[in-house]
Structures are given as C-alpha cells and as structure tokens.
Amino acid sequence: MVTRANLWLPLLRRLTQSSPTWGVWKRPESALEGEGDVDALGARGEWGTIVREYVAWAHEAALGPVVVCTHAPDLLVLAACEGERPTRLLQMDVYSHRIFRGARVASAEGLRPLMCLDQRGFRRLRPGAEGLLLLLAEGVRRGGRPAKPAATEAIARLLRKDREGTERAALALGGRGAHLFAAARALADGGWDRGELMLYELSSASRLLGHPRELATCLVRDARRLRPCGLLRALQAGRRVPGDPQSWLDEMRRSHHVYGESGLLAP
C-alpha cells in the first residue's frame, strides 16, 4: 500500500541530493503522516533543478500534471494532481527567503549551515532554527502578543530541544536577531518577552523603509495574497481542483507553467 510517507520520501531524498540549499523548514510530518503540504527552503538559483526533480518524481509516481507558480515574490509553489475527481493536489512550497511583516528575515543560502539530515534521509532545519522561524511565522501576533497557547508551547519545545541551534539561527538573522533570540530564550524558559518582539517588529518595518526595492516587493506580495491566482485559490480550498479538472488545467496553462505526464512543458 502506498502511504503518504512512501509517496513523498523519494522526492525529499532526491532533492537533498540534487539541490544543496533545499531543505524542509517546518513540520515534515504534516505531509508524511497527514494530508498537509511540504514547506521547504531553496535558493532561487536552484528553482530550475527543484522543478525538474518534482516533475520527474510526479511522472515516476504516476501522478497527473504539475502546475508551477512563481507569482508571489520569494516563493515557488509546485502542485501535482492526484486521485480521482475532484482531483487532489500534492503541494510543495519552496521559499528563497523567509519573511516577517513583509521584510526578508533570512535566505535559503544563509540558513544552509543550520540544516541537518533527518534519519529518514532528507535535509531539514535543526529544531532550534525551526522553532525560531516558527516563532515569527506562527507564534507572535502584531504588537508582540503571543499566539494561541498550543502554538507557542509547540514552538517552545523545539527551542528547548536545541538551544544551540536557536542561538545560531538568531546570529544568522543579523543584528536584528538579538531581539528575537532574547524573546526565544524567554519562551523556552516559560515566559514571554513582548518588548523584545516589539523591537524586532519595529526593526523589520525600519528595514522596509530603508530598502525601497524590498518595500516594493512587499507590496507585490500583499497584492498576491489579496488576489490569489487560480492555483493558490485551489490550494487554499483544501488542495482540491474546483470543477472539471481539464477545464481547470486549461485555465492554469494561460497563467502558469504546466507539465504533463511526459515531463515536457505543456503549451
């Protein structure tokens, strides 16, 4: 019987071999043990390799066409069609940079030294680094306020598990990382340092104001989030193709790269 782990693991292992900066950045179990997606990092210069490996994997696994989206800055989205109608989508997101409040936090290249090899044979962030990025992604609301207790406790467990990795990840974020490390240390010890998180949030806003090009990228990213493309809408709606699969794929070909079972780019 083909399980989710048996389906995904060949892809994760081949990407580990072929793309030096590629690695899972959070919760691989979401895809391997459930119905979630794979959240990964990968330098933009390696996106071509990542797409080729994904398309080859989909072909070998007898999956349907693959839709590739690069509409959002710093993000490559890959989705392979699976199953009978309504067709399910197997999703992998690959970030060239992690983002907080619109500002770039760290690049895939910068986080590469914080990767480790999972016992299942694929590259992933070490626990402390994963926890630090999750703190920004899911643990803190605007104004330095904590998210739901269940989310912050899960993050705290990662931080406690790998305090060295947490510190190294904070250093990789540059000067602003000191504020985040102080907040992460407080969370790992059972507290919450709202002041340090507010300082980090302010420093992120200051970075955008001081880098007009990055601010413009942030505005494009926000526009894409408010007006998602057809692929992102399908992924947000439970990773299922709406309506007739062929009609949907015809729509995707007008605005995305779509790869067929042969692995060749569809017209």
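Before we look at anything, one definition: when I say two residues are in contact, I mean heavy atoms within 4.5 Å. And please keep in mind that this is a predicted model.

Let's start with R14, which sits in helix α1, residues 4-18. Setting aside neighbours within four places in sequence, R14 is in contact with E53, A56, W57 and E60. One of these partners deserves a second look: the side chains of R14 and E60 make a polar contact at 2.9 Å. So is R14 buried, exposed or something in between? Its relative accessible area is 22%, and because buried means under 20% and exposed over 50%, R14 counts as partly exposed. For a sense of scale, R14 and L171 are 157 residues apart in sequence, and their C-alpha atoms are 30 Å apart in space.

Now, on to the pockets. What is the volume of the largest pocket? About 910 Å³. Lining this pocket are 32 residues, and the closest to its centre are L75, Y95, R98, R221 and R225. Several elements each supply at least two lining residues: strands β1 (23-26), β4 (75-82), β5 (88-95) and β6 (97-100), together with helices α5 (127-139), α10 (212-226) and α11 (230-236). Which of them gives the largest share? That would be α10, with five residues. As for the chemistry, the lining of the largest pocket has 15 nonpolar, three polar and 14 charged residues.

Let me stay with R98 for a moment, since we just met it by the pocket centre. R98 stands opposite A106 in β7. Strands β6 and β7 run antiparallel and are joined by four bridges. Their hairpin has two residues between the strands, and there R101 takes a positive phi near 55°. Strand β7 itself, residues 103-107, is mostly covered, with four of its five residues buried.

Last stop, the second largest pocket, which holds about 170 Å³ of space. Its lining is made up of E29, C116, D118, R124, L125, R126, P127, E130, R157, L158 and K161. Here β9 (123-125), α5 and α6 (149-161) each supply at least two residues, and the largest share, three residues, comes from α6. How does this lining divide by class? Four residues are nonpolar, none are polar and seven are charged. You may remember α5 from earlier: this helix also supplies at least two residues to the lining of the largest pocket.

That's my tour, thanks for listening!

Technical notes: Residues are numbered from 1 along each chain as its sequence is written. This is a predicted model: local features need pLDDT of at least 70, side-chain atom pairs count only at pLDDT 80 or more; totals for chains, interfaces and linings use all residues. Side-chain values use heavy atoms; hydrogens and water are left out. On a 1 Å grid over the protein atoms alone, a cavity is a set of points where a 1.4 Å probe fits but cannot get out, and a pocket is an open set with protein on both sides within 12 Å along at least five of seven lines; lining residues have an atom within 4 Å of a point. Grid points are joined across faces, edges and corners, and a volume is the space filled by probe spheres set on the points. Ala, Val, Leu, Ile, Met, Phe, Trp, Tyr, Cys and Pro count as nonpolar, Asp, Glu, Lys and Arg as charged, and the others, Gly among them, as polar. Buried means under 20% relative accessible area, exposed over 50%, partly exposed in between (1.4 Å probe, protein chains only). Two strands pair if DSSP finds at least two bridges between them. A polar contact is a pair of N or O atoms within 3.5 Å; within protein, one must be able to donate a hydrogen and the other to accept it, and residues adjacent in sequence count only if both atoms are side-chain atoms.
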